[in-house]
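Work through the exercises below with the structure open beside you. Try each task before you read its solution.

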Amino acid sequence: MTDIKTLWKNQPAEETVTLANIHAKAAQFQRRIFRRNAIEYIASAFVVAVFGWYAWVFPGWMMKTGSVLVILAVLHIVWRLHRQGASRALPDALDLVAFHRRELMRQRQLLRTAWSWYILPTVPGMVLMLLGRWYQAHVPWRTLASDHEVIVLGAIIAALIVAIVWLVQVIGAARLQRKIDELDRLK
């Protein structure tokens, strides 16, 4: 068993803040932003293809229109992410700290407002698709009551996914705020 004195002696020393450390953190942050956006773009292409197929094969105008609305929402998300959240090249060493702080603030703001540009645009299309399933397209091998139970379950799962996505954005914004606070303590 390790006593408290041994734990205290073995704890890692506080990282010395140097320009090289900040450069490494800024470069790592920009790479992370680039990877995040690349994953979002690939996922968006997949979603557009799937909902394009849905718009083609699903019966009823509500489900077709809902699919098209989801596609438009995803295109809006990609546009906002590219316009406001793209990674940037690191500047000269003299401007590096201010650049890194601005980038952290820019990404934090993007995450804080994600409910309005990332989550909210997909809701009308998803709601219209669920209403289309409820009123226009029933599965023939289920009773109407059990089909409605499946639709309600799907709505609950979709709402949980939306809540989790929102929570991830809030946690990400809080993490970025802590990094901004760390930089501010250096002044």
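Buried means under 20% relative accessible area, exposed means over 50%, and partly exposed lies in between (1.4 Å probe, protein chains only). The model is predicted, so local features need pLDDT of at least 70 and side-chain atom pairs count only at pLDDT 80 or more, while totals for chains, interfaces and linings use all residues. Residues are numbered from 1 along each chain as its sequence is written, and side-chain values use heavy atoms, with hydrogens and water left out.

**Exercise 1. A helix and its span**

Compare the span of helix 7 with the expected span, then find what its buried residues pack against.

Solution.
- Step 1: Find the helix. Helices are DSSP runs (H or I, at least four residues), numbered from the N terminus. Helix 7 covers residues 144-185, which is 42 residues.
- Step 2: Get the expected span. Take 1.5 Å times one less than the number of residues. For helix 7 this gives 62 Å.
- Step 3: Compare. From first C-alpha to last, helix 7 reaches 62 Å, close to the expected value.
- Step 4: Pick out buried residues. Among them in helix 7 are Asp147, His148, Gly172 and Leu183.
- Step 5: Look for partners, where contact means heavy atoms within 4.5 Å. The buried residues of helix 7 pack against helix 2 (19-57), helix 4 (96-112), helix 5 (114-119) and helix 6 (123-135).

**Exercise 2. Salt bridges across the chain**

Find which residue forms a salt bridge with Arg101, and which one forms a salt bridge with Asp147.

Solution.
- Step 1: Apply the cut-off. A salt bridge is a side-chain nitrogen of Lys or Arg within 4 Å of a carboxyl oxygen of Asp or Glu. The structure holds 5 of them.
- Step 2: Start at Arg101. Its partner is Asp184, with the closest N and O atoms 2.5 Å apart. The pair links distant parts of the chain: Arg101 sits in helix 4 and Asp184 in helix 7, 83 residues apart.
- Step 3: Classify both ends. Arg101 has 23% relative accessibility, so it counts as partly exposed. Asp184 has 27%, so it is partly exposed too.
- Step 4: Go to Asp147. Its partner is Arg133, at 2.8 Å between the closest N and O atoms. This pair also links distant parts of the chain, with Asp147 in helix 7 and Arg133 in helix 6, 14 residues apart. Both residues are buried.

**Exercise 3. A salt bridge within one helix**

Why are Glu103 and Arg106 separated by about one helical turn?

Solution.
- Step 1: Check the pair. Glu103 and Arg106 form a salt bridge, with the closest N and O atoms 2.6 Å apart.
- Step 2: Count along the helix. The two are 3 residues apart in helix 4, so about one helical turn separates them.
- Step 3: Classify them. Glu103 is buried at 2% relative accessible area. Arg106 is buried at 16%.
- Step 4: Widen the view. Salt bridges link Arg88, Glu103 and Arg106 in a network.

**Exercise 4. Aromatic pairs**

Decide what kind of aromatic pair Phe51 and Tyr54 form.

Solution.
- Step 1: Set the rule. Rings of Phe, Tyr and Trp (its six-membered ring) pair if their centres lie within 6.5 Å; planes under 30 degrees apart are stacked, over 60 edge-to-face, and the rest tilted.
- Step 2: Search. The whole structure has 4 aromatic pairs. The Phe51 and Tyr54 rings lie 5.0 Å centre to centre, with 70° between the planes, and the pair is edge-to-face.
- Step 3: Place them. Both lie in helix 2, 3 residues apart, about one turn of the helix. Phe51 is buried at 13%, whereas Tyr54 is partly exposed at 23%.
- Step 4: Extend. Ring pairs join Phe51, Trp53, Tyr54 and Phe58 into a cluster.
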